[in-house]
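Open the model in your viewer and keep the selection tool at hand. The tour goes from stop to stop, with a selection to make at each.

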Amino acid sequence: MSAGYDVERWAAVHALPTYHRAAAGARTAPCGTPEHPLPLIIDSDPGLDDALAIGLAAASLEFKLLAVTTVGGNADVARCTENALRLLHAYGRDDVPVAEGAAGALLGSIVRATEVHGESGIGTTELPPAVNTARPEGAVALIARLLAESPEPVAIAPIGPLTNIALVLRQYPHLISKISHLCLMGGSIGEGNYSVSAEFNIAADPEAADVVFRSGVPITMIGLDVTHQALLDRAAAQALRGLGTRSGVIAAELTDYALDRNLEWSGSTTTAIHDAVAIAHLMVGDLVAVAPYYVAVDTTQGPARGRTVCDGLPYRLRRDGRTANADVGIVIDGGRFEQLLLDAFAKLP
Ligand code: BDR
Ligand code: CA
């Protein structure tokens, strides 16, 4: 089943073995509706693409956005927290609480991506001051409280390093059953971006990612394999700017900044908006075709540190006594993704 995507073309481009193509099918992540919105917590390190992802969730009636929690990643955690507060204010969502989480990885290392996102994390975009401040209880305690208080299981979209989520899983094992799903942006079947092996969010805290992938919580992994199929260009940035909303202008500035960096480094005229893909996938029923994989995280100190080793070959899994622990994104309808972003930013202030 290919869910209507051109799986063959994509698989040829990425030289995926045939069993990846055969397995690509419909998603299994939960999906909200305006009548019954999906309770959602976003754990984020805003971040250019995080900022667009938060906008998408802020605008969408399919979500009941319970909180945005922050983690150090693209920029220092204090900057990420300030960005989250200001973004939610700009998007008209001061009702959504923000709490600050881990500054660095479980083992103490600190990895930043300021060369991509700028020192501020959001390029050169200036946002009006927020009216709220971060909740004093902190990200991990806030996530735990929201899980405990929610009458129904809650989806979490981790779109930064997985440190806070690993801490929740470790410190509150009795609440794991209250997590309906983790739809995370991170990892890659193929090449990484932080290193040849590792994607940034996993590279920033491989031990945390290891805890998450071993947790037994249903996971959808939106990795570079799909985010690099949903690229925005200058015309898309112009379309966001042309929406006539202040939020559309913010989204356009952030996209332009990302486009400038990509052009400077690789000569590319497009950019991936990685984190927004994870949110868009949770929003609609059939944006990304996924396949079941056993994902192991390399936590060695060698050149593959942070790699998500994705095994989807059924006979090998049977032989080794393994079962899939994640649905991994294989193919995305990039045009539809762009339209979802435009529709969302048209609705925001
Ligand atoms: C991921 O790394 C970060 O720089 C982005 O915000 C995204 O979450 C992409 O590799
Ligand atoms: Ca991010």
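Begin with the lining of the largest cavity: by class it has 5 nonpolar, 5 polar and 1 charged residues. This is a predicted model, so treat each stop as a prediction. To see the lining, select G72, G73, G104, A105, S109, I110, V111, R112, P161, T163 and A204. The space they line has a volume of about 40 Å³. How many cavities of 30 Å³ or more does the structure hold? The count is 1.

**Calcium ion**

Now select ligand 2, the calcium ion. Which protein residues act as its donors? Show D45, D50, I159 and D275 as sticks. D50 is listed twice, each time through OD. D45 and D275 also give OD atoms, while I159 gives its O. These donors lie 2.2 to 2.7 Å from the ion. Along the sequence, the donor residues follow the spacing D-x4-D-x108-I-x115-D. Check the surroundings of the two aspartates at the start of that pattern: D45 and D50 are both buried.

**Helix α4**

Next, select residues 77–90, which form helix α4. Its 14 residues reach 20 Å from first C-alpha to last, close to the 20 Å expected at 1.5 Å a residue. Colour its buried residues: V77, C80, T81, N83, A84, L85, L87, L88 and A90. Then add their cover, which includes α3 (48–59), β2 (63–70), β3 (98–100) and α12 (246–266). Past the helix, stop at G92. Its phi is positive, near 75°.

**Helix α15**

Jump to residues 334–347, helix α15. At 1.5 Å a residue, 14 residues should span 20 Å, and the end C-alpha atoms are 21 Å apart, which agrees. Which of its residues are buried? Pick out F337, L340, L341, L342, A344 and F345. What do they pack against? Show the helices α3, α11 (234–241), α12 and α13 (274–283), then the strands β7 (231–232) and β11 (326–332).

**V284**

For the last stop, select V284, in the loop between α13 and β9 (288–297). Is V284 buried or exposed? It is buried, because its relative accessible area is 11%, under the 20% cut-off. Finally, draw a distance from V284 to A29, C-alpha to C-alpha. The two are 255 residues apart in sequence and 10.0 Å apart in space.

Technical notes. Residues numbered from 1 in each chain as written. Chains lettered and ligands numbered in written order. Predicted model: local features only at pLDDT ≥ 70, side-chain atom pairs only at ≥ 80, totals over all residues. Heavy atoms only, no water. Donors = N, O, S within 2.8 Å, 3.2 Å for Na, K, Ca; no water. Buried < 20%, exposed > 50% of the residue type's maximum accessible area, 1.4 Å probe, protein only. 1 Å grid on protein atoms, 1.4 Å probe; cavity = no way out; pocket = protein on both sides within 12 Å on 5 of 7 lines; lining within 4 Å. Points joined across faces, edges and corners; volume = space filled by probe spheres on them. Nonpolar A, V, L, I, M, F, W, Y, C, P; charged D, E, K, R; others polar. Helix = DSSP H or I, 4+ residues; strand = E, 2+ residues; numbered from the N terminus. Expected span 1.5 Å × (residues − 1). Contact = heavy atoms within 4.5 Å.
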